Amino acid sequence: MTCILLTGSSRGIGAASRTALEARGAKVIGQSTSGEGFGTLAADFRDPDAPEALWQAALTQAGGEIDVLVNNAGLFDPNPIEKPDGDWLDAWEETMRINLTASAQLSRLAVRHWQERGATGRIVHVASRAGHRGDSPAHWHYAASKGGMLAMHKTIARQYAAEGILSFAITPGFTDTAMAGDYLDSRGGSGLLADIPLGRVAEPEEIARIVEFLSLDAPPSLTGATLDANGASYVR
């Protein structure tokens, strides 16, 4: 049975991914800030010690072996440049810690875990279209964190492929989650859909199918790839 540590598993893309992965027979250990739900561990990524504590707790729950890490947890709070300096910097650093630094800490622990076991492993990074094309004036920090995640993903893929340690990334555009819904409403609601040739935002289940594929089925030669899922609103 494939054992998967999935961060941000309590809602949206994370919850849909958990359902999809468990339907395939994988053992999924979830994470959320509060730890609510069966098989979900609590970890507040604002705490720099939380990622390692999560990893160790997940290893215990997994019986000592984790096969796949899915870095999905994320924060998408606005941070207008008009904020007072200290408040702006605090918001920047909080988003970086949750979206990028915690993912880096977990990825490092995963790579070392597989190296020590002489085992293969996979990391799936749920990044964002924003990591390629940027975001709104109030979301510099979010775009920067996701761009950093993509650079980290490429580095992992290039460095560790020969050891059977694979890295994949997904860059969704707007997805029909509570987080994205609030943002769409704040930016004019349906007017934003004019920027999406498909005419709608993605469903969480669509992104979950990609998470499932990369976690369980993607051929090793795909390592280093970034899969876009944005309705053709950004085509590379």
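## Exercises on a seven-strand sheet

Six bridges join strand 5 (residues 121–126) to strand 6, and the two run parallel. The model is predicted, so to speak of local features we need pLDDT of at least 70, side-chain atom pairs count only at pLDDT 80 or more, and totals for chains, interfaces and linings use all residues. Residues are numbered from 1 along each chain as its sequence is written, and side-chain values use heavy atoms, with hydrogens and water left out.

**Exercise 1. Work out which strands pair with strand 6, and in which sense.**

Step 1: Get the terms straight. Strands (E, at least two residues) and helices (H or I, at least four) are DSSP runs, numbered from the N terminus. Two strands pair if DSSP finds at least two bridges between them.

Step 2: Look towards strand 5. Here glycine 121 sits opposite isoleucine 165 of strand 6.

Step 3: Now try strand 7 (residues 226–229). Strand 6 pairs with strand 7 over four bridges, in the parallel sense. Isoleucine 170 has leucine 227 of strand 7 as its bridge partner.

**Exercise 2. Find the order of the strands in the open sheet, and name its edge strands.**

Step 1: Start from strand 1. Four bridges tie it to strand 2, in parallel, with isoleucine 4 partnered by valine 28. Strand 1 also runs parallel to strand 4, over three bridges, and leucine 6 faces valine 70 there.

Step 2: Put the whole thing in order. The seven strands make an open sheet, 3-2-1-4-5-6-7, with parallel pairing. Strand 3 and strand 7 are the edges, as each pairs on one side only. Neighbouring strands are turned by 20° against each other on average, direction ignored.

**Exercise 3. Decide whether the faces of strands 1 and 6 are covered or open.**

Step 1: Fix the cut-offs. Buried means under 20% relative accessible area, exposed means over 50%, and partly exposed lies in between (1.4 Å probe, protein chains only).

Step 2: Recall the pattern. In a regular strand the side chains alternate between the two faces of the sheet.

Step 3: Check strand 6. One side has Ile165, Ser167, Ala169 and Thr171, the other has Leu166, Phe168, Ile170 and Pro172, and all of these are buried.

Step 4: Check strand 1. Cys3 and Leu5 on one side, and Ile4 and Leu6 on the other, are all buried too.

**Exercise 4. Test the length of helix 1, and find what covers its buried residues.**

Step 1: Take the rule: the expected span is 1.5 Å times one less than the number of residues. Helix 1 (residues 12–23) has twelve residues, so it should span 16 Å; its end C-alpha atoms are 17 Å apart, which agrees.

Step 2: List the buried residues. They are Ile13, Gly14, Ala16, Ser17, Arg18, Ala20 and Leu21.

Step 3: Find the cover. It includes strand 1 (3–6), strand 2 (27–32), strand 3 (40–42), strand 6 (165–172) and helix 7 (204–216).

**Exercise 5. Compare serine 9 with aspartate 47: which is buried and which is partly exposed?**

Step 1: Locate them. Serine 9 lies in the loop between strand 1 and helix 1, while aspartate 47 lies in the loop between strand 3 and helix 2 (50–62).

Step 2: Apply the cut-offs. Serine 9 has 5% relative accessibility, so it counts as buried. Aspartate 47, at 36%, is partly exposed.

Step 3: See what serine 9 touches. Contact means heavy atoms within 4.5 Å. Leaving aside neighbours within four places in sequence, serine 9 is in contact with Gly14, Ala15, Arg18, Gly30, Gln31 and Thr40.

Conventions. Axes fitted to C-alpha atoms, helices over the stretch in contact; angles between N-to-C directions.
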